[in-house]
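Hi,

Here is the structure I promised to pass on to you. Have a look at it first, and then read my notes below.

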Amino acid sequence: MKKLLFVSSVLISAYAFPQFTVSADIPTYLADSEVYLYGFNGSKEILYSKAKIINNKAVFKVDKKYIGMMRAFFQKSNSSINMASENSNINFKVELDSKNKISNVVFTDETNQLFSNDVELQKKQELILPALIQIKDYYKPSESFYKSLETEINALSKNDSSLYASHPFLDYYNKNQKYSVQEKAAEIKPQDYIDFYSKSGEFLETSLILKPSLINYLNASKSNVEGGVDKLLDAVNLETPRGQTILSELIDIFNSYNMDKLKEKYLAQANNLKCTINDRLSSTLKANNNTEIGAKMPNNTLANAIHTKAKSLYDIKASKKIIVFWSSTCSHCEAELPKLLEKYDKLKAQNIEIVGFSLDSSLDEFKNKANIYPWVSASEGKGWYSSYGETYNIVATPTYFVLDSDNKILSKPNHVGDVLDYLKVN
């Protein structure tokens, strides 16, 4: 009996304590605000933990194994920090500039010290090393400055892979990030990308390499993008999680770049899969299917709402609604929203209401701008980390939808002029 109790207590302990923690020393300016810690599945950010800054410190507890890139998002400063996780504790200190923006991050854990040094070395190799090699040609080998240049060139040219012997993720990232670097894309053949996706280890999805490398692959296949995509999807097998994540990324890329024909083809292919669908592809299908013309637009709570007593989107009654996703820092919104304002009285006369969902990270900036416009506005104050992006498949601002009285999507105009033309408002 005692042995059974002992085993049970061990199991309970394993679940009661986190896999690892992320601890950060934070300047006073950010006190009492929240910080969110994300991991990745391809380019999709997954919330792993959140913490409130107390006594200039934030501590995240991650209760599941995670190896790959992570990102800490500071809501108050609308800024983020990338770091590498090898399922062990991470520690760093944040430094701000005179405008309270993050100016420097100092890591004290071994993994991220090594990662930071590697990133810094790569920057020097890309920007400084070529210049030093050119400058050296202007000096004679006998001159002291020539010797100093040669020493620095030799130091920058080294890439000691033995440093990563006990760091499997950093080793993976160091060897494979070339696929995601645009400047190196011309050196890599389309088949090399396919082999990389097919044979790559378990860290691909968490490395932040996948999406930029897929964009490079599409550029390398530009003479026949559709044929290149078909060849890639055949190779990675759409019945596997890897294949489905790649398909999801491709649909999102086509959506972002307005490649509608390709998006519709591969969205239909994804919808017709008969196998079990992984979470990554499932979320992409849901976001797209929720916002197709004819679909009923998902409801949303009106967080921090202005100019309404309604609690949700569905509570707002009108013969038609113009939904606009915008931001106070979006230059295109600055150009387009005043044109809606000019026609607002005519729209209201036809019982057409405007509802704006803001992707601002600062509620103060949101309210200052939203108060200029008389229509209903709401914001979660989380920037691109708001729920709007995933729920409504928003990849840019402004984005427009026109709904009927039952909240069904009638149109998805590209610009404010298209909105007014569709509603025949001159």
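A good place to start is the surface, where I135, Y138, Y139 and F145 form a nonpolar patch with about 430 Å² of accessible area together. Within it, Y139 sits in the loop between α3 (129–136) and α4 (144–157), and this residue is partly exposed at 31% relative accessible area.

Please keep in mind that this is a predicted model. The mean pLDDT of the protein is 90, with 95% of its residues at 70 or more. For residues 1–16, however, pLDDT stays under 50, and the model has zero contacts for them beyond four places in sequence.

Another loop to look at joins β1 (20–25) and β2 (34–41), and S33 is found there. S33 is buried, with a relative accessible area of 11%. Its side chain reaches the backbone oxygen of L30 at 2.5 Å. Leaving out residues up to four places away in sequence, S33 touches A51, K52, I53 and K76.

Then there are the salt bridges, 13 in the structure. Here are a few of them:

- R280 and D252 meet at 3.4 Å, N to O. This pair links helix α11 (residues 279–290) with helix α9 (residues 241–256), the two residues being 28 apart. R280 is buried at 3% relative accessible area, and D252 also counts as buried at 17%.
- K175 and D171 pair at 3.2 Å, N to O, and both lie in helix α5 (residues 168–176), four residues apart.
- E226, D230 and K265 are linked in a salt-bridge network.

Happy exploring!

How values were computed. Residues numbered from 1 in each chain as written. Predicted model: local features only at pLDDT ≥ 70, side-chain atom pairs only at ≥ 80, totals over all residues. Heavy atoms only, no water. Patch = residues over 30% accessible without salt bridge, like charges linked within 9 Å, V, L, I, M, F, W, Y side chains within 5 Å. Areas by Shrake-Rupley, 256 points an atom, 1.4 Å probe, with all protein chains shown as cover. Salt bridge = Lys/Arg side-chain N within 4 Å of Asp/Glu carboxyl O. Buried < 20%, exposed > 50% of the residue type's maximum accessible area, 1.4 Å probe, protein only. Polar contact = N/O pair within 3.5 Å; in protein donor to acceptor, adjacent residues only side chain to side chain. Contact = heavy atoms within 4.5 Å. pLDDT = per-residue confidence, 0-100.
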